[in-house]
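Open the model in your viewer and get ready to select residues. Each stop tells you what to pick and what to look for.

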Amino acid sequence: MAYKRSKEDRVLSVRDLNISFETTNGKVNAIRGVRMDLFKGETIAIVGESGSGKSVTVKTIMGILASNGKIESGKIDYTFTNEKGEKETVDMTKLSQKEIRYRFNGKHIAMVFQDPMTSLDPTMTIGKQITEGMLLHENITREEAKTRALHLLEEVGIENPEKRFKQYPHQLSGGMRQRVVIAIALACNPDILICDEPTTALDVTIQAKILEVIKKLQQEHNISVIYITHDLGVVAKVADYVDVMYAGRIIEKGNINEVFYDPRHPYTWGLLASMPDTDTDSTRLFAIPGTPPNLLEEIVGDAFAPRNPYALAIDYKAEPPMFNVGGQHRVASWLCDPRAPKVELPEQLRDRLAKMKAEAEKLEAAGEGVQ
Amino acid sequence: MTQIDYTKEPLLHVEGLKQYFKISRTYTTKAVDGISFDIWEGETYGLVGESGSGKSTTGRALIRLYNPTDGKIIFNGHNISGRLTKEDEQYLRQNMQMIFQDPMACLNPRKKVYDIIAQGLQIHKLYSSKEELDEKVYGILDKVGLSKEHATRYPQQFSGGQRQRIGIARALIMNPKLVIADEAISALDVSIQAQVVNLMRDLQDELGITYMFIAHDLSMVKYISDRIGVMHLGHIVETGTTDEIFENPIHPYTRSLLSAIPRPNPIVEKARVAMTYDKVKEGVDYTQGWIHKVTNTHSVLATQEEFDKWSEDAKHFKC
């Protein structure tokens, strides 16, 4: 699906963001020059393994960075319609955490956390937790808030909302709790919804339902969604646009079809190939060797080079810039430099990509036939 | 892969295993409610199901972390159900080992890796000299891809994948016949998951270990297992070889599980809607059903009526 991004619809633009953490062992450079955009109504997914900096990035946007974290440089421009109905752009990095919390959190930018067991308050009823934000941010009565909360509960697929409204989190199952968390996030009609591994703690069957709920609500309310996940299957299901992160940098980005059907970075190859495929009987799973780098040490060259079987000599010396490989597809790998030797995809992955494309084409052909 | 001899006596025979937990005077949770299955030597048996289906409880009951309420467990000729004799207990503790889910929580933070791994041998006095013990510990560390230097460190000095390797080393040093891996990879990153699964497979080929692989990630289970049992609410609703479960799933719960696996193919995935299965809505009562054989290895828990209906539905199913 090709869609156009126009500048007027941009809600969030992150430029050259650098974040470090002061720890007892020294300074950790968690985010190293991140650039990303979010447009009205679209879904972007940030993919990467733990420690790659995906959570830190969105936490900075939310203004909930840990106290030892420091924004070294860069800016996060957020464009929104203010109380007077005018378009306003603010740089979130210039605001204090308190200010972000007071003006934006919940109201403009809301977040769904990974674990619904811990993100709800066990001592408050579901109803109170949903209406809390509304009563704080908006000038409405308790009754109005309750009506809206019940409507929200219905929207996220909870049956019998009147009864659930009065219940406590422990009386609900994991999937139901995550639905409540989504209802809370949407209580004040935010423009941006950030989902930090929203389904990792849930079962596959429930995962599918939660993803469908988020998708439905996104279309109805026209919100932009940022997903953080390490599950490429989830990304394929929900995202329009993908950013692959590794060691604090975005190493490949593009619209979903570009990244999934034509991956260019060896790390993305590894990620795609290491997912077991339910369709093929491969005897051995492709594994990325080694472990992610320690960000306490300064990284010279490409951070992925030590784990990369396709690493070139230059990978150990200089950090690759973002190469434009056509369309919206950008890759930070020296392999995309015109002077680099041509590298063949791993055989296993090539077969799988061919199969994926064939499947997708078949489906598209069938879809056109129906129309 | 090595060929498995299914005509032999199974390594583990479980019959009517029940594990109840008494919550209060009037309420009892039936976590595992009468399940039967066999595991043969050298194979990998995958047990899948959603959380609360009783799959972990089954594993823990087998290795006798719980006292099963009822049922018979025969492990390589030893009866390990009911009250254990000293001899049977010793056999069980030496020959059945477990790999736990969370590598952060299952290793004692106050012990060095060497002591964690050597503990089993020390308890059972399975070495004659310090040199032999050293040799065994360093040997197993090498097998799981760690080095001798790692032995003197503490668990918190390792990454998640490395800790899971320590967990595997601890299980394998006893030279067990059966290893129960309870969600052994779900706490790990995708790129590390593949490493650990490959390692488990290599060790199986080398040492001929039997695995019982408990997981909720069906794609990984498909990759590693020879046979699969699907659990739901304390019952095994369908069991069969990996191909049978994936190619010809009969039970609607199995089908809903299969259709819920997200696949990394954006165009296909966006168009697909997952199947849902609601036991109550469909009016399925597992206690009413009995085992129907589809083939010699493939069986489904159902009443006659359900079985006919599901078999018919299954012909139209394409996941």
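This tour visits the meeting of the two chains, then stops inside each chain; the model is predicted.

**Stop 1: where the chains meet**

Show chain A and chain B in two colours. How many residues of chain A are in contact with chain B? The count is 35 residues of chain A, against 33 residues of chain B. Now select helices H8 (204–221), H9 (232–238), H10 (256–261), H11 (266–274) and H12 (347–370) of chain A. Each supplies at least two residues of the side of chain A that touches chain B. Colour that side by class: 18 residues are nonpolar, ten are polar and seven are charged.

**Stop 2: one helix pair across the interface**

Keep H8 of chain A, and add helix H9 of chain B, residues 252–260. Two packed helices are described by the angle between their axes and the distance between the axes. Here the angle is about 55° and the axes are 8 Å apart. H8(A) and H9(B) are therefore oblique to each other. Their crossing is left-handed.

Next, show side chains. From H8(A), pick A:Val204, A:Thr205, A:Gln207 and A:Ala208. From H9(B), pick B:Ser256, B:Leu257 and B:Ala260. These two groups meet. The contact of H8(A) with H9(B) has four nonpolar residues, three polar ones and no charged ones.

**Stop 3: a helix with a buried face**

Hide chain B. Select helix H4 of chain A, residues 126–137. Which of its residues are buried? They are A:Ile126, A:Gly127, A:Ile130, A:Thr131, A:Gly133 and A:Met134. Turn the view to look down the axis of H4(A). The buried residues fall within an arc of 145°, so they line one face of the helix. Now add helices H5 (142–155), H6 (161–165) and H7 (174–185) of chain A. The buried residues of H4(A) pack against these helices.

**Stop 4: two residues with positive phi**

Most residues other than glycine have a negative phi, and most peptide bonds are trans. Select A:Asp16, in strand E1 (residues 10–23) of chain A. Its phi is near 45°, a positive value in a residue other than glycine. Is A:Asp16 buried or exposed? A:Asp16 has 12 C-beta neighbours inside 10 Å, so it counts as exposed.

Bring chain B back and select B:Leu233. This residue lies in the loop between strand E9 (227–232) and strand E10 (235–241) of chain B. B:Leu233 is not a glycine, yet its phi is positive, about 50°. With 17 other C-beta atoms within 10 Å, B:Leu233 is partly exposed.

**Stop 5: helix H3 of chain B and its partners**

Stay in chain B. Select helix H3 (residues 113–124) and helix H4 (residues 130–143). They pack at an angle of about 120°, with their axes 10 Å apart. That makes H3(B) oblique to H4(B). The crossing of H3(B) and H4(B) is right-handed.

Show the residues that meet. On H3(B), they are B:Tyr114, B:Ile117, B:Ala118 and B:Leu121. On H4(B), they are B:Leu133, B:Lys136, B:Val137 and B:Ile140. Seven residues of this contact are nonpolar, none is polar and one is charged.

Swap H4(B) for helix H5 of chain B, residues 160–172. H3(B) and H5(B) pack at about 30°, with their axes 7 Å apart. They are therefore roughly parallel to each other. The crossing of H3(B) and H5(B) is right-handed. H3(B) brings B:Val113, B:Ile116, B:Ile117 and B:Gly120 to the contact, while H5(B) brings B:Ile166, B:Ala169 and B:Arg170. Of the residues in this contact, five are nonpolar, one is polar and one is charged.

**Stop 6: one glycine and one arginine**

Zoom in on B:Gly120, in helix H3 of chain B. B:Gly120 has 19 other C-beta atoms within 10 Å, so it is partly exposed. Leaving aside residues up to four places away in sequence, B:Gly120 touches B:Arg170, B:Ile173 and B:Met174. Now draw a line from the C-alpha atom of B:Gly120 to that of B:Met98: the separation is 12 Å, for residues 22 apart along the chain.

Last, select B:Arg110, in the loop between strand E6 (96–99) and H3 of chain B. B:Arg110 is exposed, with 8 other C-beta atoms within 10 Å. Draw one more line, from its C-alpha atom to that of B:Leu203. These residues are 93 apart along the chain, and the line spans 28 Å.

Conventions
Residues numbered from 1 in each chain as written. Chains lettered and ligands numbered in written order. Predicted model: local features only at pLDDT ≥ 70, side-chain atom pairs only at ≥ 80, totals over all residues. Contact = placed C-beta atoms within 7 Å. Helix = DSSP H or I, 4+ residues; strand = E, 2+ residues; numbered from the N terminus. Nonpolar A, V, L, I, M, F, W, Y, C, P; charged D, E, K, R; others polar. Axes fitted to C-alpha atoms, helices over the stretch in contact; angles between N-to-C directions. Parallel < 35°, antiparallel > 145°, perpendicular 65-115°, else oblique. Left-handed = near helix turned anticlockwise from the far one by under 90°. Buried ≥ 20, exposed ≤ 12 C-beta atoms within 10 Å, placed from the backbone. Arc of directions from axis to C-beta.
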